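Okay, thanks for squeezing me in. I'll walk through the helices and then the cores, so have a look at the screen.

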Amino acid sequence: MNSLVKELIQPLLEESGKVVALYPGKFKPPHKGHFEIAKSLLDKADEIIIIISPVTVDNITSKQSEDIWNLYNTLLNNKLTIKITDKSPVKFVLDTVKENPNDKFIAVFGKGEESRYKSLVDNPNVSIYEIGRAHV
């Protein structure tokens with residue numbers, strides 16, 4: 001392919017790539033703030049994956065968190081994919097990014113959790129969305 005054709009086509013190929021937002025957390029329980037973050041991601045990502053911790057906190061199970069997210073999902077036109085992970089939700093994010101090097105991601109983390117995602121900062125396929133201080 002000659003350089004002019006490549007130059008014209010490459011931006012189109014890059015623009016057509018799907019962007020997946022990965023939103024990990026305990027979500028015990030998922031509250032209005034969590035909902036608002038998910039809602040704010042709707043115009044930034046093609047897919048939003050909510051990753052729920054398997055740990056029970058204050059007698060709130062991961063299944064109960066999933067049920068609440070499913071209710072929220074109906075308010076967001078079923079744009080969310082909700083998963084209960086069997087490992088740390090942050091580990092799920094790190095593994096997903098590592099296992100899919102050609103995909104584009106938005107990694108969502110809480111304010112002050114820089115150390116949890118520092119390995120993603122230099123990845124050109126990952127944008128960090130820090131709750132309270134978005135970098136997308």
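So, what do the buried residues of α2 pack against? Keep in mind that this is a predicted model. The answer is β1, β2, α3, β3, β4 and β5. The buried residues in α2 are His34, Phe35, Ile37, Ala38 and Leu41. If you look down the axis of α2, those residues sit within an arc of 160°, so they line one face of the helix. For anyone who hasn't drawn a helical wheel lately: an α-helix has 3.6 residues a turn, so residues three or four places apart point the same way.

Next up, α3. This helix runs over residues 62-75, which makes 14 residues. From first C-alpha to last, α3 reaches 20 Å, close to the 20 Å you'd expect at 1.5 Å a residue. Its buried residues are Ser62, Ser65, Glu66, Trp69, Tyr72 and Asn73. Down the axis of α3 they fall within an arc of 115°, so here too the buried residues line one face of the helix. Flip to the other side of α3 and you find Leu71 and Leu75, both exposed.

What covers the buried residues of α3? The cover includes β1 (19-25), α2 (32-41), β2 (47-52) and β3 (80-84). And just after α3 ends, Asn77 takes a positive phi, about 55°.

Now α4, residues 89-99. Buried here are Pro89, Val90, Phe92, Val93, Asp95, Thr96 and Val97. Among the elements covering them are β1, β2 and β3, along with β4 (104-109), α5 (114-117) and β5 (126-130). There's a little detail at the start of α4: a side-chain oxygen of Ser88 comes to within 3.2 Å of the backbone nitrogen of Val90.

Right, the cores. In soluble globular proteins, nonpolar side chains tend to be buried together. In this model, the largest nonpolar core has 20 residues. The ones with the most contacts inside that core are Tyr23, Leu41, Ile50, Trp69, Leu80 and Ile106. Who contributes? At least two residues each come from β1, α2, β2, α3, β3 and β4. The largest share is from α2, with 4 residues. There's also a second, separate core of 15 residues, including Leu22, Ile51, Phe109 and Ile128.

If you want one residue to click on, try Trp69: it's on the buried list for α3, and it's also among those with the most contacts inside the largest core. Leu41 is another one, buried in α2 and on that same most-contacts list. That's me done.

Definitions and conventions:
Residues are numbered from 1 along each chain as its sequence is written. This is a predicted model: local features need pLDDT of at least 70, side-chain atom pairs count only at pLDDT 80 or more; totals for chains, interfaces and linings use all residues. Side-chain values use heavy atoms; hydrogens and water are left out. The expected span of a helix is 1.5 Å times one less than its number of residues. Buried means under 20% relative accessible area, exposed over 50%, partly exposed in between (1.4 Å probe, protein chains only). The arc is that of the directions from the helix axis to the C-beta atoms. Contact means heavy atoms within 4.5 Å. A polar contact is a pair of N or O atoms within 3.5 Å; within protein, one must be able to donate a hydrogen and the other to accept it, and residues adjacent in sequence count only if both atoms are side-chain atoms. A nonpolar core is a set of buried Ala, Val, Leu, Ile, Met, Phe, Trp, Tyr and Cys residues joined through side-chain atoms within 4.5 Å.
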